[in-house]
Amino acid sequence: MYIAIVGAGLAGLICARQLQEQGNHVVVYEKNGEISGRMSTRQTELGGFDYGAQYFTASSENFKKAIVAWRKAGWVSAWDGKLVSLENGEVKPADRSAERLKQRYVAVPGMSALGQQLAQGLDIRTEQLVKRIEAHGDQWLLTVGSDAVPIDASAGPFDAVILAVPAAQAIPLLKAAPKLATQAEQARFAPCWALMLGFQDSLDLGYDGAWVQSSRLAWIARDASKQQRRPGEHWVALASAAWSIEHFDDDVERAKEKLLKAFHDATGSQVQPIYATIHRWRFAQATQPIPGECLWDGRQRVGACGDWFAAGLEGGGRVENAYLSGLAMAESLRLAVH
Ligand SMILES: Cc1cc2nc3c(=O)[nH]c(=O)nc-3n(C[C@H](O)[C@H](O)[C@H](O)COP(=O)(O)OP(=O)(O)OC[C@H]3O[C@@H](n4cnc5c(N)ncnc54)[C@H](O)[C@@H]3O)c2cc1C
């Protein structure tokens, strides 16, 4: 079968690998120049910053197995950074809920490296925004736009299309499959402002990451405490969902200033950074996932997967949800054609 996958985040890449291993011809379309989606690393003159997913944990046997294989291959490492809780500059022990006691993992040498490893051997077309998918008989044609080319191109025909993108980005593409679109509408995402800070010298805070209370920030992490990172004092600070929603339309410079102040207040350090940049994620985390593992219309051969599916876990919006959903999507397609 000829299969198009829209989105080269973890869900899309896992699905693509499975389907290609089963002998299908798979093409992955990614709108950005880089792959890995929200498992991203921003490359700067100071080194990389993981400004999307910070780490991942595993509950399911399938994801645990994948992590064992990835560790063996040298693609991921355990992250044993010292984590605390911060409240108005006061350092407290992190709460010991079951979720927070789980082993944390990171990709090496940066979060985006996992996607780059998984992409080996796949046909991935970057800087290709899929604008439309249209059914022609029992096949699909894609309309694809690229900044480099003034007119849109047509791609296909494909026997099946998988949308491995956040729900809100899947819905406009699902005009030909309104039932799937209605289900996708149940998922909810929250945005997130992510601040990246580089300092000349160590801040000597005595911890590597913190959940932040009573602040515009929810989380801060010292990137260099993760394995195989370039040495240096690099911090990523993520705004809370509530603050990110309220300040979604803020001017970039203003948001940066406010979050830098919050970083100073939370850590009690007044040292000024030598590097500061900010990124706004429109669809950062699926706060309300939908039940099930993926969406699949076997008659039309169109489906959707991603971190907005609970996939048997408590809650959604995590790397593990994306992995399990991508895997389940490939399995649904395999079962449908055999
Ligand atoms: C700031 C932040 C912090 C996070 N922290 C954690 C954490 O600590 N632990 C954890 O487990 N998870 C965390 N997450 C969530 C985690 O990153 C995601 O759950 C996971 O990466 C989602 O993978 P995905 O493949 O479902 O989607 P994505 O990674 O979003 O992949 C979708 C891809 O589709 C592309 N795309 C979209 N529309 C189109 C189109 N029309 N045409 C072509 N391409 C398109 C996008 O560019 C993207 O590359 C965090 C996320 C953010 C943003």
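In this predicted model, helix α1 passes helix α9 in a right-handed crossing. The axes of the two helices, α1 covering residues 10–21 and α9 covering residues 319–337, come within 8 Å and cross at roughly 35 degrees. Where they meet, α1 contributes L10, A11, G12, I14, C15, Q18 and L19, while α9 contributes V319, A322, Y323, S325, G326, L327, M329, A330 and L333. Sorted by class, the residues of this contact comprise 12 nonpolar and 4 polar ones, with no charged residue among them.

Both helices return when we turn to the ligand, since α1 and α9, along with the strands β10 (129–136), β14 (188–199) and β18 (275–288), each supply at least two residues of the shell around the ligand. That shell has 37 residues, of which the closest to the ligand are G7, G9, G37, G306 and D307. Its residues divide into 21 nonpolar, 11 polar and 5 charged.

To place the ligand in the whole protein, it helps to look at the domains. Domain 1 is made up of residues 1–35, 119–186 and 290–338, and domain 2 of residues 38–109 and 188–288; the shell around the ligand draws at least three residues from each of these two domains. The centres of the domains, taken over C-alpha atoms, are separated by 28 Å, and the contact between them takes 17 residues from domain 1 and 16 residues from domain 2. On the side of domain 1 that touches domain 2, the elements giving two or more residues are α5 (167–170) and α9, with α9 giving the most, 5 residues. By class, this side of domain 1 has 10 nonpolar, 4 polar and 3 charged residues.

Note on methods:
Residues are numbered from 1 along each chain as its sequence is written. This is a predicted model: local features need pLDDT of at least 70, side-chain atom pairs count only at pLDDT 80 or more; totals for chains, interfaces and linings use all residues. Axes are lines fitted to C-alpha atoms, for helices over the stretch in contact, and angles run from 0 to 180 degrees between N-to-C directions. Helices (H or I, at least four residues) and strands (E, at least two) are DSSP runs, numbered from the N terminus. A crossing is left-handed if the near helix is turned anticlockwise from the far one by less than a right angle, and right-handed if clockwise. Two residues are in contact if their C-beta atoms, placed from the backbone, lie within 7 Å. Ala, Val, Leu, Ile, Met, Phe, Trp, Tyr, Cys and Pro count as nonpolar, Asp, Glu, Lys and Arg as charged, and the others, Gly among them, as polar. A residue is near a molecule or strand if its C-beta atom, placed from the backbone, lies within 6 Å of it. Domain bounds come from an automatic or database domain assignment.
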